[in-house]
Amino acid sequence: MSEVNEVTLSELVLSYLGGCPQHQAWIRVPEPLQRSVHIRSSVWEPWLAQGGYPLRSKSFCGPLPTETSAAAIGLLADLPMIGQPRRGRDRCISRKLLSDLAHKANSTSAATDLVRLWVATMMWGSGTSNGRGPWRTAQGLADPDLLAVLDRTFGLVANGKLRDAYSAFKVDGCGESYFTKWLWSASLGAGTATPTPLILDLRVRAVLGIVNRDSLQPRGASGYIKYVDQMSSVASTLNAKKGLHMTAEKLEWLMFERPARRSSGGLDREPCLFEWLRSRGA
């Protein structure tokens, strides 16, 4: 069965970090990365309030249930403003904000707080460019099973039943790339047992494909659990060798990150693990 080559990955990451002081700084301190994302609230609002644009019949998801829509719009209004809005980006979502929302949901178990955390996770996961994130989020908000799925999977994550949580998440518009973000964000406030849920999206799979020489990471709950276990093992190996503050979460982010196309000053882009691996033909 195809799987992550732990020794190869740990050696490649160490070699890459040796020439990348920007990313070395991540693992010299124990604090988690904040991973902030700026969003355009004007783009998100119609999708959260009414399910999109009624005249666009193919993408319109509304009308949305009052409970889920109200929670989503309330979350959008409560997001912190950016000091100097740029290109329509006016609000910010960080790991700390997701952690705060997760702790709130864990303490109340209220449906509203679960929806707020899920919507924030979808926004954060959609990134600054938004892409299809608002539409996918509206699809989920319109799904009559959303509240039950969020409640069940949040509880499973809290009880360390990660395999069951992965298998139980079935919501419209929310595939593996997004619902593994939900499992991860839910764990931020749930006090889960190890291993901690990790995000597994197409970017991470692309790096795994290079490390495994283009063989595919297994799909489904079993493949996901193996990925989580192996990322935890690789992080522990790196820490034992170099006394670093690597975590499985930091390793996942290192595999995910891609540099901006070009800095505003026209300077060379910072490197990333994905491009470095491709250049080496690893």
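What radius of gyration would a compact globule of 282 residues have, and what does the protein chain have? The rule puts a compact globule with 282 residues near 19 Å, and the protein chain comes in at 19 Å, so the two agree. The model is a predicted one. Taken along the principal axes, the C-alpha atoms fit a box of roughly 55 × 45 × 35 Å. Secondary structure adds up to 14 helices and three strands.

A few whole-chain figures fill in the picture. Of the 282 residues, 51% count as buried. Contacts between residues with a separation of 6 or more are mostly long-range in sequence, with 70% of them joining residues 24 or more positions apart. The accessible surface of the protein chain is about 13300 Å², and carbon and sulfur atoms hold 50% of that.

On the inside, the largest nonpolar core takes in 84 residues. The residues with the most contacts inside this core are W118, M123 and W182. W182 makes a handy place to look around: setting aside neighbours within four places in sequence, its contacts are L114, L117, W118, T121, L150, T153, F154 and F169. W118 thus turns up twice, as one of the residues with the most contacts in the core and as a contact of W182.

Helix 5, residues 95-108, is worth a closer look. Its 14 residues reach 20 Å from the first C-alpha to the last, close to the 20 Å expected at 1.5 Å a residue. The buried residues along helix 5 are R95, L97, L98, S99, L101, A102 and A105, a list that includes R95 and S99 along with leucines and alanines. Cover for these buried positions comes from several elements, among them strand 3 (89-93) and helices 4 (66-78), 6 (111-126), 8 (146-158), 10 (176-187) and 13 (248-256). Just after helix 5, S109 adopts a positive phi of about 60°.

That leaves the cysteines. The disulfide count comes to zero. C174 is in no disulfide, and the nearest cysteine sulfur, belonging to C61, lies 13 Å away. A pair of sulfur atoms has to be within 2.5 Å to count as a disulfide, so a separation of 13 Å rules this pair out. C174 is nonetheless buried, with 7% relative accessibility. C92 is buried too, because its relative accessible area of 18% is under the 20% cut-off.

Definitions and conventions. Residues are numbered from 1 along each chain as its sequence is written. This is a predicted model: local features need pLDDT of at least 70, side-chain atom pairs count only at pLDDT 80 or more; totals for chains, interfaces and linings use all residues. Side-chain values use heavy atoms; hydrogens and water are left out. Helices (H or I, at least four residues) and strands (E, at least two) are DSSP runs, numbered from the N terminus. The expected span of a helix is 1.5 Å times one less than its number of residues. Buried means under 20% relative accessible area, exposed over 50%, partly exposed in between (1.4 Å probe, protein chains only). Contact means heavy atoms within 4.5 Å. A nonpolar core is a set of buried Ala, Val, Leu, Ile, Met, Phe, Trp, Tyr and Cys residues joined through side-chain atoms within 4.5 Å. The radius of gyration is taken over C-alpha atoms; the globule rule is 2.2 Å times the number of residues to the power 0.38. Accessible areas come from the Shrake-Rupley method with a 1.4 Å probe; for residues, only the protein chains shown count as cover.
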